[in-house]
Amino acid sequence: MFDFKIKVLVVDDFPTMRRIVKNLLKQLGFENIDEAEDGVAALSKLKGGGFGLVISDWNMPNMEGIDLLRAVRAEAPPLKDVPFLMVTAEAEKEKVIEAIKAGVDNYVVKPFTAEVLKEKLEKIAERKPSLKAGG
Amino acid sequence: MPDEMDEIISEFVTEAEETLDRIDPLFVELESKGYDKEMLNEIFRGMHTLKGAAGFLGFQQIIDVAHRAESIMKCLRDNGIAPSRDLMDVILTSVDMLRVLIGHVKLRDGAEEDISELLTRLDAAMDAPMEAVATPPALQSVPAPPDPVAVVTAEQVEPRESADTTEETVVVVAKKDVPPPASPPKPPAVADAVEDQGQQSSREREVVQTLRVDVTRIDKVMDLAGETVLARNRLLNLAMKIEQTYSGDPNIEGLLETTSFLDRVTSDLQLAVMKIRMQPISKVFSKFPRMVRDMSRQLNKDIDLEIFGEDTEVDKSVIENIGDPMVHIIRNSIDHGLETNAEREAKGKSRNGRIIISATQQGTQIVIEVTDDGRGIDVDAVRRKAMKNGLISEEEAEKMSDEAAVDLIFLPGFSTKEVSTELSGRGVGMDVVKTNVAKLNGYVEVVTKKDIGSTFRISLPLTLAIIQAMMIRIGQEQYALPQSMIEETLRVRRSDIKDVAGQQVLTIRGKVLPLFVMSEVLGVRSRSAVAQENSYVLVASVADRRFCIAVDELIGQEEVVIKMINGVESEECGILGATITGDGRVVLILDLAVIARRLFIASRK
């Protein structure tokens with residue numbers, strides 16, 4: 001199971017989407033969820049420290065998800081290694097590859113259910129044990 | 001968790017509507033600009049977001065429409081294509097359909113629309129611009145003025161069925177200008193540079209923190225602020241009296257200081273609360289480019305639309321209620337005011353008609369204007385029409401100044417075109433505009449000049465809760481009248497009052513106006529004001545009517561807070577509400593609009 005105490009950052013420019021994702025996370029059992037409306041806002045929150053998971057939309061104004069990912073990976077640890085799940089509507093291969101190259105931990109295609117989200121997070125947790133309870 | 005879901009859906013509806021409102025004006029701007037990557041991207045993102053959220057919530061029809069529109073925008077954006085007018089029509093239809101679909105979600109009626117035809121059109125549109133995809137992406141600098149020679153060659157090389165759309169020609173030219181083998185698809189360096197620029201500019205946008213609050217809470221605060229204003233007025237009044245009685249008391253100075261401080265703070269509070277309810281008028285104005293564009297297409301009149309003062313802030317209720325009257329005026333200006341392109345050229349005017357929409361704050365008034373540079377209102381035609389419809393007599397028509405005659409268009413049932421068109425005339429006319437504006441305590445005027453054009457001016461008070469009032473006395477009672485409807489106040493001699501066919505009249509600067517006595521109107525016992533040698537008269541202007549009304553005494557102007565009286569409908573009794581004056585009296589605020597309507601109906605019988 002996951003460490004439900006970790007702080008999760010949900011990044012999306014559309015408030016309804018943030019709410020939906022937060023809702024799904026709550027269904028899974030996560031309690032500590034923060035949100036940001038774009039990459040710029042997310043990065044400044046992340047730099048504040050303490051986040052254990054980022055779930056970010058791809059297409060946003062000001063700073064896109066992919067640029068947020070690159071910026072995060074360019075930071076010093078521990079932020080550099082924060083588990084990063086990309087939400088995308090474009091299941092096009094080239095984009096996913098772009099994200100993988102940039103160091104994304106996994107991606108999930110919209111729309112998704114709590115079950116799918118759980119699977120993706122489990123896959124991430126295999127490589128990043130910080131996500132697991134007691135990890 | 002059904003409640004949570006319900007809230008999410010409500011949120012989705014609000015945000016989806018906001019998204020559409022935001023991108024709507026972009027389409028029209030895009031149409032005039034041609035290709036604009038930033039704009040296309042913004043529209044793309046809006047559609048994309050809608051589709052994404054609708055996906056989670058399972059609104060399949062929204063997904064179907066938004067997905068296709070999104071794909072088209074993406075194709076345009078990535079390939080440097082300026083959308084053609086026809087393509088624009090399809091996309092705008094999609095936006096309209098999305099609004100309808102979101103409306104169903106809002107009502108939770110589960111209804112579906114027949115979108116098959118729209119989807120077919122969208123798919124067909126997607127195939128059409130796709131033709132350009134095979135060519136290397138055009139750079140942003142490409143849609144320059146097309147070289148006529150190149151156009152001709154291009155058309156010869158690739159004849160098209162609809163050669164009239166310049167946009168397509170531009171695309172073809174783009175094909176010619178970019179040396180095909182030299183640039184591989186999506187040159188990364190250029191693409192990145194362009195993207196960076198875009199980010200730079202959007203990053204500079206100010207981040208505004210907002211909070212969504214239930215409007216009833218704000219109204220409660222507004223209400224309390226109103227009460228505070230009333231208490232302050234009362235306190236100031238008392239403090240002044242106490243100062244006179246106990247001028248020697250050492251505490252007087254402290255009292256006066258405190259009351260004057262309270263005075264200032266209360267005014268600031270009032271203003272601050274008012275501002276909470278204020279929103280930029282762009283919320284209303286943003287719909288107009290689209291509307292003007294559609295009308296321009298339907299009527300085949302090319303129009304340059306200019307909008308000023310979108311940032312002007314007005315009360316929420318103005319935002320909600322000024323849209324319809326403005327739509328009516330703008331439609332009227334385009335349909336009746338503007339000539340066809342050919343007519344304009346024949347008159348030596350610019351080919352394109354101009355419509356200017358503006359909003360400004362002037363003191364405590366908001367002034368909204370719609371100006372066209374068309375043919376102007378034919379005043380004689382207005383006179384004839386009014387006579388024909390029995391609105392005025394031939395004699396009246398002759399005496400009437402041009403200024404007064406133009407105002408006849410605001411009479412119920414008036415329409416200058418013999419056959420009302422589908423677009424602007426629907427039996428209802430400018431009278432509805434006037435009534436709706438009057439409901440906001442405002443008034444509408446028109447200034448017109450033959451072949452120069454017309455300006456419709458709507459003047460509104462900044463807020464509806466507080467009005468400038470004229471305090472009057474009738475018999476023993478004090479009343480308040482909205483200042484916005486009073487043109488001037490006069491003191492007249494009995495000899496100035498004439499009698500025309502049983503109706504008392506006054507001649508004010510050459511205009512004969514009917515005179516009524518307020519005490520008779522209200523059925524209040526009073527020493528008849530007119531019986532005195534001198535009497536006080538107000539010249540009122542309400543909707544289409546000007547008249548004089550005699551009162552016992554003019555007390556003065558005061559800023560009053562309108563309190564609604566439960567169970568009292570202004571339409572029935574002519575009372576707008578009540579207020580408490582500085583000296584603690586409860587005073588009724590009279591609704592001159594209702595009173596005028598009754599007087600004129602009665603006097604016509």
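In this predicted model, B:H336 counts as buried because 22 C-beta neighbours fall inside 10 Å, and the cut-off is 20 or more. The residue belongs to helix 13 of chain B, which spans residues 316-337. Along the chain, B:H336 and B:I377 are 41 residues apart, yet their C-alpha atoms are separated by just 8.6 Å.

Chain B also holds an open sheet, built from five strands in the order 2-4-5-7-6 with mixed pairing. Strand 2 (303-308) and strand 6 (443-449) of chain B sit at the edges; each has a single partner strand, so one side of each has no neighbour in the sheet. Going from one strand to the next, the twist averages 10 degrees.

At the strand 6 edge, the partner is strand 7 (residues 453-461) of chain B: the two run antiparallel and are joined by seven bridges. Within this pair, B:V446 stands opposite B:F456 of strand 7. Helix 18 of chain B (residues 430-439) lies across both of these strands, running at about 140 degrees to strand 6. Over at strand 2, helix 12 of chain B (residues 288-299) lies across that strand and strand 4 (353-362), and runs at about 165 degrees to strand 2.

Chain A, for its part, has five helices and five strands. Read from the N terminus, its elements go β-α-β-α-β-α-β-α-β-α. Of its 135 residues, 42% count as buried. As for contacts in chain A with a separation of 6 or more, 60% come from residues 24 or more positions apart.

Technical notes:
Residues are numbered from 1 along each chain as its sequence is written. Chains are lettered from A and ligands numbered from 1 in the order in which they are written. This is a predicted model: local features need pLDDT of at least 70, side-chain atom pairs count only at pLDDT 80 or more; totals for chains, interfaces and linings use all residues. Helices (H or I, at least four residues) and strands (E, at least two) are DSSP runs, numbered from the N terminus. A residue is buried if 20 or more other C-beta atoms lie within 10 Å of its own, exposed if 12 or fewer, and partly exposed in between; C-beta atoms are placed from the backbone. Two residues are in contact if their C-beta atoms, placed from the backbone, lie within 7 Å. Two strands pair if DSSP finds at least two bridges between them. Axes are lines fitted to C-alpha atoms, for helices over the stretch in contact, and angles run from 0 to 180 degrees between N-to-C directions.
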